[in-house]
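User: I'd like to go through this one with you. Can you show me the chain and then take my questions?

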Amino acid sequence: MSADVSRTAGVNWGPEDVEALRRAVQGPVLEPGSEGYAAECATFNLNCGLRPALVVGAGGATDVRAAVRSAVRQGLPVAVKSAAHQIVASAEGGLLITTDRMKGISVDERGRTARVEAGVRWSEVLPRTAEFGLAPIVGSAPEVGSSATRWAAARARCWAAVSAMPPTMCGG
Ligand SMILES: Cc1cc2nc3c(=O)[nH]c(=O)nc-3n(C[C@H](O)[C@H](O)[C@H](O)COP(=O)(O)OP(=O)(O)OC[C@H]3O[C@@H](n4cnc5c(N)ncnc54)[C@H](O)[C@@H]3O)c2cc1C
C-alpha cells in the first residue's frame, strides 16, 4: 500500500520515506486503510479516536528512536499510545508510536526497584514484584500502562528518554 502521508499539510513525505522507516524498525509501520492499522490505533477510551497518518508499532527503544527521528526529519508531530485509557488528542496527520510490544521487566530486589519498558501494564508488573514482597503504588485499573501513569512518574527514579538527539539516560 502506498503512503498517504504526503497529503498531510506542510509535510513532504512520500512512499519511499515510509519504506525507509519500515526497513529501519522491527515493528510494523502502518498507513490508514492498511491491515492492522485500525487495531493498532484502537483505544480503550472510546471518547478518543486516533487518526494518525502513520503508526509505528515499536518493538523496542531503537524503533522509537528511528520513528522519532523520521518524524522530526519530515516535520510530523509525534504522539505515543500506551494502553489508551486516557489519550486525548487524535494524532491526526501525525506519527503515532504504540508501545504494546515493549514488554521488558526486571526487578532489583536489593534496590527495591523495577525497570519496565514503555508497553508494560501494571497487571504485568505486580506478579513480578510480588515475588520479592515488593508492591508498587498503582491505581485501581491494572490494565493501564505503568509508564503512562502520573503516580508512576512521581515514584520514578530514572527514565530513559528517547528523542531525535543521540540516546541519553536521565537519572534522578
Ligand atoms: C475517564 C477516566 C477514568 C479513569 N479511571 C481510572 C481508574 O478507575 N483507575 C485507574 O487506575 N486509573 C484511571 N484513570 C487514569 C489512567 O490510569 C491514566 O489516565 C493513565 O495515564 C492511563 O494509562 P494508559 O497506559 O492507558 O495511557 P495512554 O492513554 O496510552 O497515554 C496517556 C498519556 O501518556 C502519554 N504516554 C504514554 N506512554 C508514554 C511514553 N512511553 N512516553 C511519553 N508519553 C507517553 C500518551 O501520549 C498520553 O498523553 C482514568 C482516566 C480517565 C481519563
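Analyst: First, a convention: Ala, Val, Leu, Ile, Met, Phe, Trp, Tyr, Cys and Pro count as nonpolar, Asp, Glu, Lys and Arg as charged, and the others, Gly among them, as polar. This is a predicted model: local features need pLDDT of at least 70, side-chain atom pairs count only at pLDDT 80 or more, and totals for chains, interfaces and linings use all residues. Residues are numbered from 1 along each chain as its sequence is written.

User: How does the shell around the ligand divide into nonpolar, polar and charged?

Analyst: It has 9 nonpolar residues, 9 polar and 1 charged. A residue belongs there if its C-beta atom, placed from the backbone, lies within 6 Å of the ligand.

User: Which residues come nearest to the ligand?

Analyst: Ser-82, His-85, Gln-86, Gly-139 and Gly-145, out of 19 around the ligand.

User: And where does the ligand lie with respect to the domains?

Analyst: Between domain 1 (5-98) and domain 2 (105-170), because both give residues to the shell. Those bounds come from an automatic or database domain assignment.

User: New topic. Is Asp-63 buried or exposed?

Analyst: Buried, because Asp-63 has 24 C-beta neighbours inside 10 Å. The cut-offs, with C-beta atoms placed from the backbone: 20 or more others within 10 Å is buried, 12 or fewer is exposed, and in between is partly exposed.

User: What is the distance from Asp-63 to Ala-24 in space?

Analyst: C-alpha to C-alpha, 7.4 Å, though Asp-63 and Ala-24 are 39 residues apart in sequence.
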